[in-house]
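Q: I am new to this structure and would love a close look at one part of it. Could you walk me through the place where the chains meet?

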2 protein chains.
Amino acid sequence: MEQERIWTAALVVIGDEILSGRTQDKNIAQLASWLNVQGIRLAEVRVVPDRTGAIVEAVNTLRARNDYLFTTGGIGPTHDDITVDAIAEALGVGVVHHPEAMAVLERYYATRGGLTETRARMARVPEGAGLIPNRVSGAPGIHIGNIYIMAGVPHITAGMLDALTGTLEGGRPVVSGTIGCWVAESEVADLLRDAEKTHEGVSIGSYPFFRDGRTGANFVVRSADEALVAQCLADLTQALEAGGREVFAGGI
Amino acid sequence: MEQERIWTAALVVIGDEILSGRTQDKNIAQLASWLNVQGIRLAEVRVVPDRTGAIVEAVNTLRARNDYLFTTGGIGPTHDDITVDAIAEALGVGVVHHPEAMAVLERYYATRGGLTETRARMARVPEGAGLIPNRVSGAPGIHIGNIYIMAGVPHITAGMLDALTGTLEGGRPVVSGTIGCWVAESEVADLLRDAEKTHEGVSIGSYPFFRDGRTGANFVVRSADEALVAQCLADLTQALEAGGREVFAGGI
């Protein structure tokens, strides 16, 4: 059987505000879900501080071993926005004002006090880069090689991902199905392991929860093969029910 | 002036469930906030899949260059819980059943169907490790060298952090103060840069927001020197108000 090509992406979250605990990151989950639909797997994430050296290291390591690299954060107009310069350094290229980005910002700021030198900082890109449309606010995202540089504010990031939908090559989307059961996962560990072995090509995750004083677990079955996911879920349900346990669809 | 020793920690989130987008991580923010109070800075985070090689690489890189390394996730009883084995491999040691952990689990499961072989998997630790008390559920966390191995379920992680409070050496806690202003950050970029330069030892983060159709930003001033944070916030407030802008305390 031919081995299916798996497409992977990595994410570098550039954010002192995440590392300080001030802000709860939302972009990891958002990007992961979006990538699933594109048939691309989020393979690894790094959260690094707003420091050039840390960004360069993470970007160069991760872009080399993944099909795509995304970054979020640090592309605004202020002194702590160093993403563009750091990525230009990682790539060994200069930084230029992108003419189309300048035009976008000029239009955006026409009714907002005009395009100042500081605001024009948001048109700076690594030399050779293209733009990612920003339908939410003014400054566009940036695309260079296999790197996608996005905003940190989640609803702006969402708009940029929306603009990228369908433009990246990927494989078959990973499909997942979830069942839940009022059981301690330790009671069904062997059963889960067997189900994963029997259905080659699926991965099964077990996620315990505690609710209303009872112990339960969700079992998530993942594969690029939708029929295999359905079969595995059906077999797993049968095996759990054979042990006299109540199984509910979709987890809770 | 003597350079103050800065203590750093890294976090490895072990979690297919985070990378798949199924679960929104809460442990990064939780650990970051807890570390701040201990006077330790969260320097970097990696989210890696449930794969031994990925865990070993992240653990060995990050434990070498930080004072402390924390991991979350993958310490339950099921087949996808491979953290202990991966960290033992990273350290080049074997895996043993910790006698005290066995005793804890025996007590915990005495009224819950007994300690089965599968449940006893949760007493497995890298050889030479100590335990982190788990006040919430049965299985303890694990401590070996500068590595702290914790649960992935956030409220159990919280209990383990609580048990560790005050036991790790750190420096002066980082203090932060926030002011907010109805202003586009691009209008005050120079002012922010100057404030950071003038008050050596602070870092200033600028975080825009959009609310009720208006643009604003929060400015977060951070330093281990509380007086310096207060002074910088006061000067920044004065500079913003001198431009006719309304400043509010604490951000919104």
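A: Here is a tour of the contact between the chains, with a short side trip at the end. Please keep in mind that this is a predicted model.

Let's begin with the extent of the contact. Chain B contributes 55 residues to it, and chain A likewise contributes 55 residues. The size of an interface is often given as the accessible area lost when the parts come together. For chain A and chain B that buried area is about 4400 Å², and carbon and sulfur atoms supply 52% of it.

Next, the polar side of the contact. Between chain B and chain A there are 20 residue pairs in polar contact. On the side of chain B that touches chain A, 22 residues are nonpolar, 15 are polar and 18 are charged. Six salt bridges cross the interface of chain B and chain A. For one to look up in your viewer, try the side chains of E57(B) and R65(A), which form a salt bridge with an N to O distance of 3.0 Å.

Strands also meet across the contact. Strand β2 of chain A, residues 40–48, pairs with strand β2 of chain B, also residues 40–48. The two β2 strands are antiparallel, and three bridges join them. Within this pairing, R46(A) sits opposite R46(B) of β2(B).

How are the two chains related to each other? A turn of 180 degrees with a shift of 0.0 Å along the axis lays chain B on chain A with an RMSD of 0.1 Å. The two copies are therefore related as by a two-fold rotation axis. R46(B) turns up again here: in chain B, its C-alpha is the one nearest the axis, at 2.2 Å. Both copies use the same surface for the contact, since 100% of the contact residues of chain B recur in chain A.

Salt bridges are not confined to the interface. Over all chains, the whole structure holds 18 of them. One lies within chain A, where the side chains of E57(A) and R46(A) meet with an N to O distance of 3.9 Å. E57(A) belongs to helix α3 (residues 52–65) and R46(A) to strand β2, so this pair ties together parts of chain A that are 11 residues apart in sequence.

Finally, the side trip to some other strands of chain A. Strand β6 (residues 130–132) runs antiparallel to strand β7 (residues 141–144), with three bridges between them. In that pairing, I132(A) has G141(A) as its bridge partner. Strand β7(A) is also joined by three bridges to the antiparallel strand β8(A), residues 147–150, and there I142(A) is partnered with I149(A). The hairpin of β7(A) and β8(A) has two residues between its strands, and G145(A) in this hairpin takes a positive phi near 60 degrees.

Definitions and conventions
Residues numbered from 1 in each chain as written. Chains lettered and ligands numbered in written order. Predicted model: local features only at pLDDT ≥ 70, side-chain atom pairs only at ≥ 80, totals over all residues. Heavy atoms only, no water. Contact = heavy atoms within 4.5 Å. Buried area = accessible area lost by both parts, 1.4 Å probe. Salt bridge = Lys/Arg side-chain N within 4 Å of Asp/Glu carboxyl O. Polar contact = N/O pair within 3.5 Å; in protein donor to acceptor, adjacent residues only side chain to side chain. Nonpolar A, V, L, I, M, F, W, Y, C, P; charged D, E, K, R; others polar. Pairing = 2+ DSSP bridges. Helix = DSSP H or I, 4+ residues; strand = E, 2+ residues; numbered from the N terminus. Least-squares fit on C-alpha atoms with pLDDT ≥ 70 in both.
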